[in-house]
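Here is a short report for a reader new to this structure. Please look over the sequence and the model before reading on.

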Amino acid sequence: MKTLISPTEALRRAFRSDESLAADMLIEADVVIAEQRYVRPVLGAALHDRLLRGDDAAFVQDFLADAVARFSRVVAHTRHTGYTSRVGLLAPNATQAKAADAATVRKLCRELRREGKTLLRRAVDYIETHASDFPEYEADQSLFHTCSTDGGFVQIF
């Protein structure tokens, strides 16, 4: 699978250096899911594909990598909230620390998504300011330029 950043880069950017992490805490599929769920709908398929080919590597590093990393962490946290065993789904059990409660995990993931969207908005602002450098970008198709209703609330992205 081709991604804008590697899982190793996502780990480096999204987690503190003092966090003890398993080697598979963040896998390539987490990065793919994060890009497909959060980045591609904003940038559009044509621009995302161009960036996946390696074009504009500096732009990806300067404007997209941190956003992708935060979204990847959200995906990884969701994947790690329980473990499947022969007896069913089990909650994590830390030996030296108390596991975060569900409200704390939700709050962390909400803040990570908010940070990711803020960083992604910064990237889109740059793209729109330098439109001639990004001809594949179609602003009218970007998720940031749409309006939807969910649960009776109007949401403008």
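Of the contacts in the protein chain with a separation of 6 or more, 69% are between residues 24 or more positions apart. The model is a predicted one. Its protein chain has five helices and four strands. In sequence order the pattern reads α-α-α-α-β-β-α-β-β. The protein chain holds 157 residues, and 34% of them are buried. About 9700 Å² of the protein chain is exposed. Carbon and sulfur atoms supply 53% of that area.

**Helix H2 and its cover**

Helix H2 spans residues 28–43. H2 bends by about 40° at Gln36. Just after H2 comes Gly44, with a positive phi of about 90°.

Which residues of H2 are buried? They are Asp30, Val31, Ala34, Glu35, Tyr38, Val39, Arg40, Val42 and Leu43. An α-helix has 3.6 residues a turn, so residues three or four places apart point the same way.

Several helices help to cover the buried residues of H2, as the table shows.

| Helix covering buried residues of H2 | Residues |
|---|---|
| H1 | 7–14 |
| H3 | 45–52 |
| H4 | 57–79 |
| H5 | 102–129 |

**Two residues: buried or exposed?**

Take Asp30, which lies in H2. Its relative accessibility is 1%, and the cut-off for buried is under 20%, so Asp30 counts as buried. What does Asp30 touch, leaving aside its neighbours within four places in sequence? Asp30 is in contact with Met25, Ser72, Val75, Ala76 and Arg79.

Now take Arg12, in helix H1. Arg12 has a relative accessible area of 54%. Exposed means over 50%, so Arg12 is exposed. In sequence, Arg12 and Asp66 are 54 residues apart. In space, their C-alpha atoms are 9.6 Å apart.

**How H4 and H5 pack**

Two packed helices are described by the angle between their axes and the distance between the axes. For H4 and H5, the angle is about 155°. Their axes are 9 Å apart. Why are H4 and H5 called roughly antiparallel? Angles over 145 degrees count as roughly antiparallel, and H4 and H5 therefore fit that description. The crossing of H4 and H5 is left-handed.

H4 and H5 also belong to the cover of H2, since both are among the helices over its buried residues.

Notes
Residues numbered from 1 in each chain as written. Predicted model: local features only at pLDDT ≥ 70, side-chain atom pairs only at ≥ 80, totals over all residues. Heavy atoms only, no water. Helix = DSSP H or I, 4+ residues; strand = E, 2+ residues; numbered from the N terminus. Buried < 20%, exposed > 50% of the residue type's maximum accessible area, 1.4 Å probe, protein only. Contact = heavy atoms within 4.5 Å. Areas by Shrake-Rupley, 256 points an atom, 1.4 Å probe, with all protein chains shown as cover. Bend = angle between axes of the 7 residues up to and from the residue. Axes fitted to C-alpha atoms, helices over the stretch in contact; angles between N-to-C directions. Parallel < 35°, antiparallel > 145°, perpendicular 65-115°, else oblique. Left-handed = near helix turned anticlockwise from the far one by under 90°.
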